[in-house]
Structure formats: C-alpha cells, structure tokens
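Here's a quick walk through a few helices and one side chain. Have the model open as you read.

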Amino acid sequence: EPGLETSAEEEEAHDTEEEEDGVEEDELKKVVKEQRQHAKALIVQAAKLIAPKIEKTFVEGFDYVIEQLRASPDYMDIASDMEISKAVYFLKHKKPKEAKETLLAFEKKDQKLHDSTTLSRANTNLCFIYFLEGDIRNADTYGTLAIKADRYNAKALVNKGNCEMQKGKLAEEKDKFDEARDQYNNAKELYMEGIGVEAECVEAIFNLGLCCRFMANLEHRLENIQDYESQLRAAGQAFEKLYTILPDLTECNWNIATIYDELEQLNPQGAEVTGKKAEDWYKCLIAQVKSDAGVLARFGALMARGDEESQAVAYHLDSYRYYPVDMDVISWLGAYQVKSEIYEEAIKYFEKAAQIQPKEVKWELMVASCHRRVGSYTQALETYKEIDRKHPNNIECLNYLVRLCKELGKKQEKEEYQKKLSAAEAEQNRLAANTRTNMDMMNGGGGGGGGGG
C-alpha cells in the first residue's frame, strides 16, 4: 500500500538525520508520511475489528493477529499496538487481572522492539489498572515510566497527576497539611501540562478542577479564606472551560453551580453576582437531573438566602418528595411552617424527623410545642408525657408538664412533675458545679496547704 516502502525504523532514522541537518521536509515526503500513517491507522482498525472474531476465543484471535504482524518488519509497531489493544479488550470485559498480565508481559519484552510512544501507552494502562486497584505505589511507578517514555502523552500526565492527587488526599487525612498541599500542587502542574499537550483533554481539565476543589477544601479547613476563594475560583475556571467542550456533562454543571453557591456564601459583598450565576447554573443542572433531591435542596437553600421564599419552599418540597429522609430539608420545612404559623403542617415534618432520629428529643418537643400553639392542650400533654417516658429528667419537658397540668386542673399530676422538675434541676446544678470545679483544678485553681504552727 502507499507509504509503506520503508520500515518504520528506517523512516524514523531518516527523519532524524534530516532534522539534525536542519533540512526541512519537502512536500512529497510530508505526503508520503501522512499516507503511511493513514495506512497504518486503517490496518490497526481492521486488526482490532477482526481479532475478536477469527478464532474460538478473542485471546486466540488477538494472538494470531499479533503473530502475523510481527512476521513483517514493517508492522512491528502495529503488533505492539495490538498487544495493548488486547489488554484494553480484557479491561472492557471486566478482566483486569488478565489485562495487567498482558501489559506486564509486554513491558518485560526487549524494549528495543517497541517505540517510546507504545511503551508509554502500556505503562499508562498499567498505571490506570493499579490506580483502580488502590495500589497507589505501583500506579505512581508506572505513571512515572509512562511520562519518561513519552512526555507528550496527555493520558500519562493525567494518570500521574491522579496519583499525586491521591497522595495529597492521604496526607490530608493524616493531618500532614503542608505535604498534602505540595502533592496537590504537583497534581495541578501535571494536569496543566497535559492540557498544554492536548488542549481539549477532558480528563486533564476535569481533574484539574477537582484538584483545585480539594485544595480549596484544605485551605478552608485551615481557615485560609483568601487561598480558599482563590482555589475555588481556579476550579470554576477549569469546569467552565470543560463546559465549552462537554456542555451536557452533569458532573461539570454540578461543580460550576456548587462553586458559585460557595462563593455566594463566602463573599456577601459580591453575593448578588455570584448568587445569580449559581441560580443560572442550578437551573441548567436541574433541567438535566430533575429528580436529584440533593441538587433541589441546595437550590432551595440558595433561594432562601436570597429571600426568594416561594421558590425556596417549592424546591425544598420537591427535594422532600424525592428523598423524604433528608434531615436538613425536613427541619427547614418544619421551621418554615412554624414561621408561617401553619402548625398542623409543621407537626407532620417534626413527626417524620422524630421517626428518623428517635433518640433526638428536640423533634418530639417541637411536635408538642405545635400542639400547644394550636390549642390542643390535651394532645400536647400526652405528647410531653410520652417524651418524659422516653427521655426522663428533660427539664424543658418537665417545665411544660407542670404548666399544662396546672392549666388543665390536674393538681396531683402537677405536684408529681414539680418534684421531678426540682430533682432534675438540682442534678443539673450539681453537675454544673462539678464541671466548674474540675475546670478550676485543671487551670491550677487548687491552692497548696498551709504550714503548721
């Protein structure tokens, strides 16, 4: 076929000689090289298509194709490419062990048989497999080898960056904050280098944004607010660039919306601008994931902060409908109904909260409070009695039991609860006094003994 007159090694050596002599390729040589590359691409594509089908198993098919390609010096590089394709085929069929064995066997062969680009691809895939297995040490080793073989392999740079980012997360978990920051910075540099090699490398752009968010969270944890905002904005820039390439990527839109949401809370002076941007991005996101309760809840909270009460209620209700056990949503809806003096509706939400958190007394106290506010004193009394059985010596509960028994003319019960209330208050005062004494002793408040006469 056209463009296959010389071997790949001869052509590469000839090109190198010309470059060293400073002689530019003439147009004919450029055309020949392009034709040769196109012909090889077609051969690779054809080989990948037939390999899984020509034998009983796809392994035998790949082995046969690789053997035939290796028989010709002109196709040695394609044979190497097919070995990697065989490993990728294993991965697609969820056989990572076989894929790893294939790539390790490839890597152990005489490296003179493979060009640097092919070696880089093999090591990149090994890095990827080890990373998925959680073996960061081996992933990091092969990531380094992949970059060493071909510094212009964007995927290799991304995989190595992922290893650095994971090391940063592990360091942060151990409270090694300076080390974590250094690892995150290493990851950022690798992602940016990957983008320099391949401007629209979506993996590099996405992970750059993700890494900036990790760094922002680290700075927020350390209360470095200025650095937190800076990293957050850098993350936003990365995801907005990604949006120009993949406008329908939900993860991208979620990140942009939540970044502007955080910026709106961080900077009250610019809240109007960032809040409007967050609103626009949330609307775009909700159009993609209409039933995502978490997104609906976050947007509802944003609307509440912006005094858009009707929208805040609507989105919180939508979130509750899709996920009726989110305590933040339930407590917000309950508090809103109390604020609106719609106590019957508030009771529903507080009863739901009590079911989800049965050991948390405040929800049942809220239910009882709502009964009192609508004038259902008998029901309120029964609710407080139930609370007292579950949570004895709760002073707030006992206070209301004394008050309600007095209002309902239950003198004997009032006296009983008054005794319990007095005992509970006395115990509370005793514990508070002990705590103060212990604190004084810890602060050196205990004086030394005096001398004898």
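What follows covers a helix pair, then a covered helix, then a glutamate.

This is a predicted model, where local features need pLDDT of at least 70, side-chain atom pairs count only at pLDDT 80 or more, and totals for chains, interfaces and linings use all residues. Residues are numbered from 1 along each chain as its sequence is written, and side-chain values use heavy atoms, with hydrogens and water left out.

Let's start with H11 and H12 (helices are DSSP runs of H or I, at least four residues, numbered from the N terminus).

| Item | Value |
|---|---|
| Helix H11 | residues 225-245 |
| Helix H12 | residues 250-266 |
| Axis approach, H11 and H12 | within 9 Å |
| Crossing angle, H11 and H12 | roughly 150° |

Axes here are lines fitted to C-alpha atoms over the stretch in contact, with angles from 0 to 180 degrees between N-to-C directions. That angle makes H11 roughly antiparallel to H12 (the cut-off is over 145 degrees). Contacts (heavy atoms within 4.5 Å) include Leu232 and Phe239 on the H11 side and Ile256 and Ile259 on the H12 side.

Now for H7, residues 136-149: its 14 residues should span 20 Å at 1.5 Å a residue, and the end C-alpha atoms are indeed 20 Å apart (the expected span is 1.5 Å times one less than the number of residues). Its buried residues (under 20% relative accessible area, 1.4 Å probe, protein chains only) include Asp140 and Tyr142. Among the elements covering them are H6 and H8.

Glu164 sits in H8 and is buried, at 6% relative accessible area. Beyond neighbours within four places in sequence, Glu164 touches Asp140, Gln183, Asn186, Ala187 and Leu190.

Conventions
Helices (H or I, at least four residues) and strands (E, at least two) are DSSP runs, numbered from the N terminus. Angles under 35 degrees count as roughly parallel, over 145 as roughly antiparallel, 65 to 115 as roughly perpendicular and the rest as oblique. Buried means under 20% relative accessible area, exposed over 50%, partly exposed in between (1.4 Å probe, protein chains only).
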